[in-house]
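These are my notebook entries on a structure that I had not examined before. I set down what I looked up, entry by entry.

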Amino acid sequence: MQAISKMMVYVGQRTLPILLMHKFPILFFQVLFPWTKQPLRNNDPYVGLVVAIVSIGGCLIVEGIWKKTFGVMLTKRSNQ
């Protein structure tokens, strides 16, 4: 249970990068797996959950690469 709590805090601290980038992994997912377009249009909860988890994971990976490459975090002040 504590691992889930830590994961939720980690994701919660990175909501800005997720907000800024979430559309790109979703579109990539629909191009890569075209059979997901119709279930997403119909609001299928299972397909939506998988796509959301993949999208959030992709955003967190890109945010980590961004931080290592440019040394700038999108979530905190750089002087802290």
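Entry 1. Which residue lies over the face of Tyr10? I looked at the ring and found Arg14 over its face, at 3.8 Å from the ring centre. I note here that the model is a predicted one. I also looked for rings that pair with each other, with centres within 6.5 Å, and the count came to one aromatic pair.

Entry 2. I turned to the overall fold. The chain has five helices and zero strands, so along the sequence I read the pattern α-α-α-α-α, where helices are DSSP runs numbered from the N terminus. The chain has 80 residues, and 19% of them count as buried. I looked up its accessible surface, which comes to about 6,400 Å². Carbon and sulfur atoms hold 69% of that surface. Among the contacts with a separation of 6 or more, I found that 59% join residues 24 or more positions apart.

Entry 3. I then followed helix H5, which runs over residues 45-70 and has 26 residues. From its first C-alpha to its last it reaches 37 Å, close to the 38 Å expected at 1.5 Å a residue. At the N-terminal end I found a cap: a side-chain oxygen of Asp44 lies 2.9 Å from the backbone nitrogen of Tyr46. Just after the helix, Gly71 takes a positive phi of about 70°.

Entry 4. Which residues of H5 are buried? I listed Val47, Val51, Ser55, Cys59, Leu60 and Glu63. I next asked what covers them. The cover includes helix H1 (2-12), helix H2 (15-21), helix H3 (23-32) and helix H4 (37-41).

Entry 5. I took Ser55, which lies in helix H5, as a closer case. Ser55 counts as buried because its relative accessible area is 4%, and the cut-off for buried is under 20%. Its side chain reaches the backbone oxygen of His22 at 3.1 Å. With its neighbours within four places in sequence left aside, I found Ser55 in contact with His22, Pro25 and Ile26.

Entry 6. Is Met21, in helix H2, buried or exposed? Met21 is buried, because its relative accessible area is 19% and the limit is under 20%. Leaving out neighbours within four places in sequence, I recorded its contacts as Cys59, Val62 and Glu63. Of these contacts of Met21, Cys59 and Glu63 also appear among the buried residues of H5. I looked up one C-alpha separation as well: Met21 and Leu60 are 39 residues apart along the chain, and their C-alpha atoms are separated by 9.4 Å.

Entry 7. I moved to the loop between H3 and H4, where Thr36 lies. Thr36 is buried, with a relative accessible area of 1%. A polar atom of its side chain lies 2.8 Å from the backbone oxygen of Phe33. Not counting residues up to four places away in sequence, Thr36 touches Phe29, Gln30 and Val47. Val47 is one of the buried residues of H5.

Entry 8. Where is Asn43 placed? I found Asn43 in the loop between H4 and H5. Its phi is near 60°, a positive value in a residue other than glycine. I marked this value because most residues other than glycine have a negative phi. Asn43 counts as exposed because its relative accessible area is 63%, and the cut-off for exposed is over 50%.

How values were computed: Residues numbered from 1 in each chain as written. Heavy atoms only, no water. Phe/Tyr/Trp six-rings, centres within 6.5 Å; stacked < 30°, edge-to-face > 60°. Lys NZ or Arg CZ within 6 Å of the ring centre and 35° of its normal. Helix = DSSP H or I, 4+ residues; strand = E, 2+ residues; numbered from the N terminus. Expected span 1.5 Å × (residues − 1). Buried < 20%, exposed > 50% of the residue type's maximum accessible area, 1.4 Å probe, protein only. Contact = heavy atoms within 4.5 Å. Polar contact = N/O pair within 3.5 Å; in protein donor to acceptor, adjacent residues only side chain to side chain. Areas by Shrake-Rupley, 256 points an atom, 1.4 Å probe, with all protein chains shown as cover.
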